[in-house]
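Trainee: Could you take me through one part of this model slowly and in detail? I would like to look closely at the disulfide and at the sheet around its strands.

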Amino acid sequence: MRISYVLAASLVLGCYVPVSFAADASGASVEISSPPNGAKISPKGDVNIDYAVSLGKKGDHTHLYLDSDEAVTLRGLKGTHALGTLSPGQHEICIKVVNKAHTPIGAQKCINVSIEPTT
């Protein structure tokens, strides 16, 4: 019976400790508050990205990607960035936290928007 308690406690602590370390290791996060994922946008209007970033321990700055191509380096941790007008169709917009070597560290947020064709 005593061995069962020791095994159960070891299992609980063994599962708990790595999760705790994983949460503390990075601390980086990215939020895109506008436009919402799946937004349908007029082709005549500018696309503005409202974002907030926490760099965590390993991050240095952020990169904004449009359709897998790096569009710009974002130095601010919170703000709005204007992408201008986009061509009709589906577009993926991502913000990734990167280190000083410009390598993504894992924290990112991507949204998809649809630019509606003019009729």
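**The disulfide and its sheet**

Mentor: This is a predicted model, and the structure holds 1 disulfide. The disulfide is formed by Cys94 and Cys110, whose sulfur atoms are 2.1 Å apart, which is within the 2.5 Å that defines such a pair. As a general point, a disulfide is a covalent bond between the sulfur atoms of two cysteines. Cys94 belongs to strand β7 (residues 89-98), while Cys110 belongs to strand β8 (residues 104-115), so the bond ties together parts that are 16 residues apart in sequence. If you look along the S-S bond of Cys94 and Cys110, the torsion is about 115°, and the disulfide is therefore right-handed. The two cysteines can also be described by their exposure: Cys94 is buried, with a relative accessible area of 6%, whereas Cys110 is partly exposed, at 28%.

Now turn to the sheet, which is open and made of 5 strands in the order β2-β8-β7-β4-β5, with mixed pairing. The edges are taken by β2 (39-41) and β5 (69-74), and because each has a single partner strand, one side of each is left without a neighbour in the sheet. From one strand to the next, the twist averages 30°. At the β5 edge, strand β4 (residues 61-66) and β5 run antiparallel and are joined by 5 bridges, and Tyr65 stands opposite Glu70 in β5. In general, strands of a sheet pair through backbone hydrogen bonds, either parallel or antiparallel.

How values were computed: Residues numbered from 1 in each chain as written. Predicted model: local features only at pLDDT ≥ 70, side-chain atom pairs only at ≥ 80, totals over all residues. Heavy atoms only, no water. Helix = DSSP H or I, 4+ residues; strand = E, 2+ residues; numbered from the N terminus. Buried < 20%, exposed > 50% of the residue type's maximum accessible area, 1.4 Å probe, protein only. Pairing = 2+ DSSP bridges. Axes fitted to C-alpha atoms, helices over the stretch in contact; angles between N-to-C directions.
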